[in-house]
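Reader: I would like to go through this structure step by step, beginning with the overall fold and then turning to individual side chains. Could you take my questions in that order?

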Amino acid sequence: MEEYCIPVYHVNDRDIVEEFVNNNGFYNSHDHGEWAGSGMYFWDNISNAYYWKKQRENRGNDNSFLICKAKLMYNDDSILDLTDKNTRIAFNNAWQMLENAYKKCYGKSAIGYVPASAKIDFIISEIMTDKEIVKIIATYRPKSKSGNTIYVSKNYPSVDESARVIICVRENTRLSSRQLI
C-alpha cells in the first residue's frame with residue numbers, strides 16, 4: 001500500500017511543544033466537542049498554525065506558545081478522511097445503523113445528541129480500529145473590526161481562508177522529523 005508523507009504543524013504551550021520535539025512526546029487531547037476526537041491536533045499548513053497561535057495568544061493567557069512541524073506518514077487505510085463526501089456519508093450511515101440497532105434492542109432512542117468527537121472516538125475504537133488519523137474541515141469565519149461575525153453567502157468558488165483542514169493524529173508513531181518553527 002502506498003505511503004504518503006505531508007508536513008503538519010502544531011501549536012501549544014512551550015512545555016508541550018518542547019516535549020514533542022525533544023523527547024518524542026505526544027499531547028493527546030481528549031476532545032469531547034465538535035472536533036475530531038482524541039489525539040494530537042495539527043494544521044496542514046504554516047499559515048493556519050500562525051493563525052491559531054495568534055488566537056491562543058489573544059485569549060490573554062500568560063503562556064508562551066510555540067509552533068512545531070513534523071512529517072505525518074499515512075496510507076489510505078490509516079486515515080478517516082471526513083473531508084471526503086463518500087467517507088462522511090459512510091460514517092454517518094454507520095452511526096445511524098448503531099442508533100437504529102440500539103432503538104430496536106431497547107425500544108427507545110439512545111441518549112439523543114452526541115457530539116461529533118464522541119461519535120468518532122466510539123466508531124474508531126469499536127469498528128474502524130485501523131484508523132489512526134482523522135481529517136476534518138473547520139470553518140473559521142472572518143470577523144469584522146466590531147467583532148461581529150460576517151456571514152457571506154457564496155454560490156461560486158472563492159479563494160479564502162475560512163475553511164481550514166485540521167488533522168487529528170491518534171498514533172504517535174505516525175509522526176517524525178519534529179522541529180521547532
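The questions and answers below concern this predicted model.

Reader: How many helices and strands does the chain have, and in which pattern do they follow one another?

Author: The chain, which is predicted rather than determined by experiment, has four helices and eight strands. Read along the sequence, these elements give the pattern β-α-β-β-α-β-β-α-α-β-β-β.

Reader: What share of the 181 residues is buried?

Author: A residue counts as buried when its relative accessible area is under 20%. Among the 181 residues of the chain, the buried share is 33%.

Reader: Which residues of helix H1 are buried, and which strands do they pack against?

Author: Helix H1 covers residues 14-23, and its buried residues are Val17, Phe20 and Val21. Because these three span an arc of only 90 degrees around the axis, they lie on the same side of H1, while Asp15, Asn22 and Asn23 are exposed on the other side. The buried residues of H1 pack against E1, strand E3 (38-43), strand E4 (65-74) and E8.

Reader: Which residues does Phe20 contact beyond its neighbours within four places in sequence?

Author: Phe20 belongs to helix H1, and at 1% relative accessibility it counts as buried. Its C-alpha atom lies 9.9 Å from that of Lys69, although 49 residues separate the two in sequence. Once neighbours within four places are set aside, the residues in contact with Phe20 are Gly25, Met40, Phe42, Cys68, Ala70, Leu175 and Arg178.

Reader: Is Phe26 buried or partly exposed, and which residues does Phe26 contact beyond its neighbours within four places in sequence?

Author: Phe26 sits in the loop between H1 and strand E2 (29-30), and with a relative accessible area of 27% it is partly exposed. Between the C-alpha atoms of Phe26 and Gly39 there are 8.6 Å in space, with their positions 13 residues apart in sequence. Apart from neighbours within four places, Phe26 is in contact with Met40, Val169, Arg170, Glu171, Asn172 and Leu175.

Reader: What phi does Asn24 take just after H1?

Author: Asn24 comes just after H1, and its phi is positive. The value is about 55 degrees.

Reader: At what angle do the axes of H3 and H4 cross, and which residues meet there?

Author: On the side of helix H3 (residues 85-106), the residues are Phe91, Ala94, Trp95 and Leu98, and they meet Lys119, Ile120, Phe122 and Ile123 in H4. By class, the residues of this contact divide into seven nonpolar, no polar and one charged. The axes of the two helices come within 11 Å, and H3 and H4 are roughly perpendicular to each other, the crossing angle being roughly 85 degrees.

Reader: Which elements do the buried residues of H4 pack against?

Author: The buried residues of H4 are Ser117, Ile120, Asp121, Ile123 and Ile124. These buried residues pack against E3, strand E5 (79-81), H3 and E6.

Reader: How many salt bridges does the structure hold, and which residue pairs with Asp13?

Author: Side chains of opposite charge can pair when their charged atoms come close, and the structure holds six salt bridges. In one of them, the N to O distance between the side chains of Asp13 and Arg56 is 3.8 Å. Asp13 lies in strand E1 (residues 4-13) and Arg56 in helix H2 (residues 46-58), so the pair ties together parts that are 43 residues apart in sequence. At 16% relative accessibility, Arg56 counts as buried, and the partner of Asp13 is Arg56.

Reader: What separates Lys53 and Glu57 within helix H2, and how far apart are their closest N and O atoms?

Author: Lys53 and Glu57 are four residues apart in helix H2, which means a separation of about one helical turn. Glu57 is partly exposed, at a relative accessible area of 35%. In the salt bridge between Lys53 and Glu57, the closest N and O atoms are 2.6 Å apart.

Reader: Which residues are joined with Arg174 into one network of salt bridges?

Author: Arg174 and Glu132 meet in a salt bridge with an N to O distance of 2.6 Å. Arg174 lies in the loop between strand E7 (163-169) and strand E8 (175-180), and Glu132 in the loop between helix H4 (116-126) and strand E6 (133-139), so the pair ties together parts that are 42 residues apart in sequence. Salt bridges that share partners join Arg174 into one network with Glu3 and Glu132.

Terms used
Residues are numbered from 1 along each chain as its sequence is written. This is a predicted model: local features need pLDDT of at least 70, side-chain atom pairs count only at pLDDT 80 or more; totals for chains, interfaces and linings use all residues. Side-chain values use heavy atoms; hydrogens and water are left out. A salt bridge is a side-chain nitrogen of Lys or Arg within 4 Å of a carboxyl oxygen of Asp or Glu. Buried means under 20% relative accessible area, exposed over 50%, partly exposed in between (1.4 Å probe, protein chains only). Axes are lines fitted to C-alpha atoms, for helices over the stretch in contact, and angles run from 0 to 180 degrees between N-to-C directions. Angles under 35 degrees count as roughly parallel, over 145 as roughly antiparallel, 65 to 115 as roughly perpendicular and the rest as oblique. Contact means heavy atoms within 4.5 Å. Ala, Val, Leu, Ile, Met, Phe, Trp, Tyr, Cys and Pro count as nonpolar, Asp, Glu, Lys and Arg as charged, and the others, Gly among them, as polar. The arc is that of the directions from the helix axis to the C-beta atoms.
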